[in-house]
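Biologist: Hello! Please pick one part of this structure for a close look, and walk me through its surroundings at an unhurried pace.

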Amino acid sequence: MTELDIAAITPETYRAMYAFTATAADGLDGRIAALVKVRVSQLNGCSYCVDLHVREAQALGVDDRALHGLAAWRRTPAFEERERAALTLAEAVTTAVGEAGVPERAMTAAGEWFQPTELAQLLWTIAAVNAWNRIASATGLTPSPAAVISQASAH
């Protein structure tokens with residue numbers, strides 16, 4: 001598929017989506033937001049967004065152990081209970097939206113760790129990254145080979 005530059009074609013919508021994404025995470029712990037963005041992008045198979053959000057997480061100081069273990073986070077000791085609740089909810093919202101909906105236990109568990117405003121911001125963040133994943137995948141975005149190579153050589 002040829003890459004479609006939706007930012008150039010529909011700049012108003014792109015700016016609105018970008019603003020929505022920035023507002024969605026307001027008041028949410030940066031580490032949690034970054035982990036959720038990476039995990040949702042992994043689930044959706046969006047290589048562009050995984051690359052983008054891993055770099056964002058690294059810039060926020062998320063350690064490599066957590067990032068490498070994120071795909072198997074349930075069996076990795078690198079995450080606190082609050083982060084686990086956020087990741088559980090992120091996976092549920094991303095994968096269980098069909099007829100069954102989001103399991104009540106995922107919302108209840110997250111509600112034990114997040115104040116209502118934080119929980120709302122978490123849900124908006126999950127929704128935003130899911131939307132971006134779909135746009136990036138549909139328009140053929142992939143990580144720049146030069147960026148991937150320069151990032152690998154920096155480690």
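Modeller: Gladly, and one term comes up throughout: a residue is buried under 20% relative accessible area, exposed over 50% and partly exposed in between, with a 1.4 Å probe and protein chains only. The model is a predicted one, in which local features need pLDDT of at least 70 and side-chain atom pairs count only at pLDDT 80 or more, while totals for chains, interfaces and linings use all residues. Residues are numbered from 1 along each chain as its sequence is written, and side-chain values rest on heavy atoms, leaving out hydrogens and water.

Let us look closely at α8, beginning with its aromatic residues. Rings of Phe, Tyr and Trp (for Trp, its six-membered ring) pair if their centres lie within 6.5 Å; planes under 30 degrees apart are stacked, those over 60 are edge-to-face, and the rest are tilted. Two aromatic pairs come out of this rule. One of them joins Tyr14 and Trp132, edge-to-face, at 5.5 Å centre to centre and with 75 degrees between the planes. Tyr14 belongs to helix α2 (residues 11-24) and Trp132 to helix α8, so this pair ties together parts 118 residues apart in sequence. Helices here are DSSP runs of H or I with at least four residues, strands are runs of E with at least two, and both are numbered from the N terminus. The two partners differ in cover: Tyr14 is partly exposed at 32% relative accessibility, whereas Trp132 is buried at 18%.

The rings of Phe20 and Trp124 make another pair, and it is edge-to-face because the centres are 5.7 Å apart and the planes stand at 90 degrees. Here again α2 and α8 are involved: Phe20 sits in α2 and Trp124 in α8, so the pair links parts 104 residues apart in sequence. Phe20 is partly exposed, with 28% relative accessibility, and Trp124 is partly exposed too, at 47%.

Gln121 is also a residue of α8. Gln121 counts as buried, its relative accessible area being 14%. Contact means heavy atoms within 4.5 Å. Setting aside residues up to four places away in sequence, Gln121 touches Thr23, Ala24, Ala25, Asp26 and Leu28.

Further along α8 comes Asn130, which is buried with a relative accessible area of 8%. Apart from neighbours within four places in sequence, Asn130 is in contact with Val40, Asn44 and Thr94. The side chain of Asn130 also makes a polar contact of 2.9 Å with the side chain of Asn44. A polar contact is a pair of N or O atoms within 3.5 Å; within protein, one must be able to donate a hydrogen and the other to accept it, and residues adjacent in sequence count only if both atoms are side-chain atoms.

The Thr94 that Asn130 touches is one of the buried residues of α6, so let us follow the path there. Helix α6 is mostly covered, with 11 of its 15 residues buried; among them are Ala86, Leu87, Ala90 and Val93. The cover over these buried residues includes α3 (30-44), α7 (104-113) and α8 (116-138). The expected span of a helix is 1.5 Å times one less than its number of residues. For the 15 residues of α6 (residues 81-95) that gives 21 Å, and the end C-alpha atoms are 21 Å apart, which agrees.

The other two contacts of Asn130 mentioned above, Val40 and Asn44, are also among the α3 residues that meet α6, so to speak of that packing is a natural last step. The axes of α3 and α6 are 9 Å apart and the helices pack at an angle of about 35 degrees. Axes are lines fitted to C-alpha atoms, for helices over the stretch in contact, and angles run from 0 to 180 degrees between N-to-C directions. The crossing of α3 past α6 is right-handed. A crossing is left-handed if the near helix is turned anticlockwise from the far one by less than a right angle, and right-handed if clockwise. The residues making the contact include Leu35, Val36, Val40, Leu43 and Asn44 of α3, together with Ala86, Leu87, Ala90 and Thr94 of α6.
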